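Q: Please take a close look at one part of this model. Start from a single residue and work outward through what surrounds it.

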Amino acid sequence: MSSFHLLISHACLPSIGISGDTTIITVFTSNYDLEAPCLEALQQLDMFKNLTVIKCAPVSGKDRNAFSLSYLTQRVKESLLPLKGNVDISLDIPCGEGDTRPLVRYLRMLSFHIHSLLVNSKSNSNADISVSVSFDSSTDITKVSNGKQQIQLKSGSFHNLYAITPTSIDDRSSTTVTELQKLHPDINNPSELSQILDFYFAKTLCPAVIISHNKQLIEDLVKILSKAEGVHGISNIDPASYKMMKSLYDPNDTPNLRDDILSIVHADEQCSVAVELCCHTSDSQLQIREIIEDTPSMTAFSTERSALHKDGLLFGVYVDGKITPEIHSRASLLI
């Protein structure tokens, strides 16, 4: 989306319940325009009589470039903790326009590759670090250098950022792919899968979403991952019969996937979680849209602790039939 909207209303008329409380300001957010008939209908209610629509534009121009550099630097510093030196990044890449979510996803992957470069070149954690990042539009290649070594990156399927010379920095990734290939020797993109798993273990993607029409392949992937160190697996979740999250009026003890994941993460904040989802219908795909999208999962009255942050989450999604555009747009890889 290129923008989103705030719908703000200040209740001003007395009535039963909270609708007449003048201390309450009601705010809705949406990625879509509020059509005139809908606005008119809402304004018939006392609570929304003063409803105002404010269109919020995404950051652009110099501010967008500054945001990109600041966010990338922050990500690299966090990944290199306990780094004692300063990190100086020279960034010369196109930052695009509109929705910032694809840009943030790109910067997270770029920070992973910078971290990989610095680790492989054995940079001194006590020294200041300088990194240059540039994009060659004639070859569509991103070059990352620290003066000692250089890596070249290319954009692949689903806008993932891959090293032209593949390397894996987490043994669990290569082990998982090797074990999976023993069961499925015809898997068509093992190097890409290894990279996505590296992103997953490094908590780069939020979340990693791997889709397949092969149910056994997804089942085996999650099963193998659940045996890896630091990974907890959740198998065979059918959205048609198991709630993704509680609704506002559900009893507190209503079983649901969101709470299942949170209970695991709260017990061990360093762990990763791999979930097998089985979507047999388009309705099932609709039900998982929110849980697999790359924003924290919030419910009514969510707090920082109750929000589900999705770094360290992987969803293996089996789809029976056509993959809907909404699910395809959230995918990290199709295997």
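A: Start at Lys 203, which is partly exposed at a relative accessible area of 21%. Here buried means under 20% relative accessible area, exposed means over 50%, and partly exposed lies in between, with a 1.4 Å probe and protein chains only. This is a predicted model: local features need pLDDT of at least 70, side-chain atom pairs count only at pLDDT 80 or more, and totals for chains, interfaces and linings use all residues. Residues are numbered from 1 along each chain as its sequence is written, and side-chain values use heavy atoms, with hydrogens and water left out.

Lys 203 sits in the loop between α5 and β9. Helices (H or I, at least four residues) and strands (E, at least two) are DSSP runs, numbered from the N terminus. Lys 203 is not a glycine, yet its phi is positive, about 60°. Its place is just after α5. The loop between α5 and β9 also holds Pro 207. The peptide bond from Cys 206 to Pro 207 is cis, with omega near 5°. Most residues other than glycine have a negative phi, and most peptide bonds are trans.

Now step back into helix α5. It covers residues 190-201, and its end C-alpha atoms are 16 Å apart, which agrees with the expected 16 Å for 12 residues. That expected span is 1.5 Å times one less than the number of residues. The helix is mostly covered: 9 of its 12 residues are buried. Those buried residues are Leu 193, Ser 194, Gln 195, Ile 196, Leu 197, Asp 198, Phe 199, Tyr 200 and Phe 201.

Next, the aromatic rings. Rings of Phe, Tyr and Trp (its six-membered ring) pair if their centres lie within 6.5 Å; planes under 30 degrees apart count as stacked, over 60 as edge-to-face, and the rest as tilted. The whole structure holds 3 such aromatic pairs. One of them joins Phe 67 and Tyr 71, which are stacked at 5.8 Å centre to centre with 20° between the planes. Both residues belong to helix α2 (residues 61-79), 4 residues apart, or about one turn of the helix. Phe 67 is partly exposed at 30% relative accessibility. Tyr 71 is buried at 14%. Back in α5, Tyr 200 and Phe 201 have ring centres 4.9 Å apart and planes at 40°, so their pair is tilted. Tyr 200 and Phe 201 are both buried.

Where does Tyr 200 stand within the largest nonpolar core? A nonpolar core is a set of buried Ala, Val, Leu, Ile, Met, Phe, Trp, Tyr and Cys residues joined through side-chain atoms within 4.5 Å. The largest has 50 residues, and Tyr 200 is among those with the most contacts inside it, along with Leu 110, Ile 114, Leu 197, Ile 210 and Leu 225. Helix α3 gives the most to this core, with 8 residues. A second, separate core has 26 residues, including Phe 158, Val 275, Leu 308 and Ala 331.

Leu 110 makes its own set of contacts, where contact means heavy atoms within 4.5 Å. Its partners, leaving aside neighbours within four places in sequence, are Leu 72, Leu 91, Ile 93, Val 133, Thr 142, Val 144, Leu 153 and Leu 161. Leu 72 is one of the buried residues of α2. Cover for the buried residues of α2 includes β4 (87-92) and α3 (101-120).

On the other side of the loop comes strand β9 (residues 208-212), joined to β13 by 2 bridges, the two strands running parallel. Two strands pair if DSSP finds at least two bridges between them. Ile 210 stands opposite Leu 333 in β13. The sheet is open, with 5 strands in the order β10-β11-β12-β9-β13 and parallel pairing. Its edge strands are β10 (231-237) and β13 (333-334), each pairing on one side only.

One more residue invites comparison with Lys 203. His 159 also has a positive phi of about 60° and is not a glycine. His 159 lies in the loop between β7 and β8 (161-163). At 64% relative accessibility, His 159 counts as exposed.

Last, the setting. The protein chain has 10 helices and 13 strands. Buried residues make up 41% of its 335 residues. Among contacts between residues at least 6 apart in sequence, 68% join residues at least 24 apart.
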